[in-house]
Amino acid sequence: DIQFLPEESSDSEDVLAEFLPVFPNSVADSYLYFFSLLQKSDEEIKSKIQEAAEERTDDSGQVILDYPYYSVHFTLDENAVSKSITIKNINISASEWEELKEKATAVSEDQHMYYFISGDYKIVFDSESMEITFSELNL
């Protein structure tokens, strides 16, 4: 079951900046760079990130470009274009997490999944896997 909460909207960069305290340092230091790779081809992503990608297919058949050093992976669509970015190793012990989760648009009954619609992004946070996924709303 999902509980819907009041919706808030704000500028995309502001939205991303709100999540900075919970991002691992490897992402927080250059988050705009990583997010600029949304809706880019797999080849462009591979050429822009120094680390070699670990390419795999998830259970639903989607191709994932995984960059473990940065705690980031990109999910590709059928045209090999990134449709979402997932950031791993989220720090929910940051005091800012308490404020952020209050802004969730929906929360699962067990409070493991938080869903946000903010700025240009739909955002899903999974507190069991400690991952947060950002997808652009127009995708």
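Which residues form one aromatic cluster? Keep that in mind as you work through these exercises on a predicted model; the cluster comes back in Exercise 2.

**Exercise 1. Get an overview of the chain.**
Task: Find how many helices and strands the protein chain has, and check its radius of gyration against the value for a compact globule.

Solution:
- Step 1. Count the elements: the protein chain has 5 helices and 9 strands.
- Step 2. Read their order from the N terminus: β-α-α-α-α-β-β-β-β-α-β-β-β-β.
- Step 3. Look at the dimensions. Along the principal axes, the C-alpha atoms fill a box of roughly 40 × 30 × 25 Å.
- Step 4. Compare. A compact globule with 139 residues would have a radius of gyration near 14 Å, and the protein chain, at 15 Å, agrees with this.
- Step 5. Turn to burial and surface. Of the 139 residues, 39% are buried. The accessible surface is about 7,600 Å², and carbon and sulfur atoms account for 45% of it.
- Step 6. Check how the chain contacts itself. Among contacts with a separation of 6 or more, 45% are between residues 24 or more positions apart.

**Exercise 2. Work with aromatic rings.**
Task: Describe the ring pair Phe19 and Phe134, then place both residues in the cluster and the core.

Solution:
- Step 1. Start with the total: the whole structure holds 13 aromatic pairs.
- Step 2. Classify the pair. The ring centres of Phe19 and Phe134 are 5.5 Å apart and the planes stand at 85 degrees, so this pair is edge-to-face. The cut-off needed here is an angle over 60 degrees.
- Step 3. Locate the partners. Phe19 is in helix α1 (residues 12-19) and Phe134 in strand β9 (residues 131-136); with their positions 115 residues apart, the pair links distant parts of the chain.
- Step 4. Decide on burial, for which the cut-off is under 20%. Phe19 has 3% relative accessibility and counts as buried. Phe134, with 0%, is buried as well.
- Step 5. Answer the opening question: the cluster consists of Phe19, Phe23, Phe35, Phe116, Tyr121 and Phe134.
- Step 6. Widen the view. The largest nonpolar core has 34 residues, and those with the most contacts inside it include Phe19 and Phe134.
- Step 7. List the contacts of Phe19 beyond four places in sequence: Leu100, Phe116, Ile123, Ile132 and Phe134.

**Exercise 3. Try a second ring pair.**
Task: Which kind of pair do the rings of Trp97 and Tyr114 make?

Solution:
- Step 1. Use distance and angle: the centres are 5.3 Å apart and the planes are at 85 degrees, so the pair of Trp97 and Tyr114 is edge-to-face.
- Step 2. Place the residues. Trp97 belongs to helix α5 (residues 95-101) and Tyr114 to strand β7 (residues 113-118), so the pair ties together parts 17 residues apart in sequence.
- Step 3. Check burial: Trp97 is buried at 4% relative accessibility, and Tyr114 is buried at 6%.

**Exercise 4. Explore one strand residue.**
Task: Is Val72 buried or exposed, and which residues is Val72 in contact with beyond four places in sequence?

Solution:
- Step 1. Find the residue: Val72 is in strand β4 (residues 72-76).
- Step 2. Read its accessibility: at a relative accessible area of 0%, Val72 is buried.
- Step 3. List the contacts: Val27, Phe34, Leu65, Asp66, Tyr67, Ile85, Thr86, Ile87 and Lys88.
- Step 4. Compare sequence and space: Val72 and Tyr31 are 41 residues apart in sequence, with 10 Å from C-alpha to C-alpha.

**Exercise 5. Look at positive phi and a polar contact.**
Task: Where do Ser71 and Gln111 lie, and what joins the side chains of Ser108 and Asp110?

Solution:
- Step 1. Recall the background: most residues other than glycine have a negative phi.
- Step 2. Take Ser71. Its phi is positive, about 60 degrees, although Ser71 is not a glycine. Ser71 lies in the loop between β3 (63-67) and β4, and it is buried at 7% relative accessibility.
- Step 3. Take Gln111. Its phi is also positive, near 60 degrees. Gln111 lies in the loop between β6 and β7 and is partly exposed, with a relative accessible area of 48%.
- Step 4. Finish with Ser108, which is in strand β6 (residues 106-108) and counts as buried at 15% relative accessibility. A polar contact of 2.6 Å joins the side chains of Ser108 and Asp110.

Key: Residues numbered from 1 in each chain as written. Predicted model: local features only at pLDDT ≥ 70, side-chain atom pairs only at ≥ 80, totals over all residues. Heavy atoms only, no water. Helix = DSSP H or I, 4+ residues; strand = E, 2+ residues; numbered from the N terminus. Buried < 20%, exposed > 50% of the residue type's maximum accessible area, 1.4 Å probe, protein only. Polar contact = N/O pair within 3.5 Å; in protein donor to acceptor, adjacent residues only side chain to side chain. Contact = heavy atoms within 4.5 Å. Phe/Tyr/Trp six-rings, centres within 6.5 Å; stacked < 30°, edge-to-face > 60°. Core = buried A, V, L, I, M, F, W, Y, C linked by side-chain atoms within 4.5 Å. Rg over C-alpha atoms; globule rule 2.2 N^0.38 Å. Areas by Shrake-Rupley, 256 points an atom, 1.4 Å probe, with all protein chains shown as cover.
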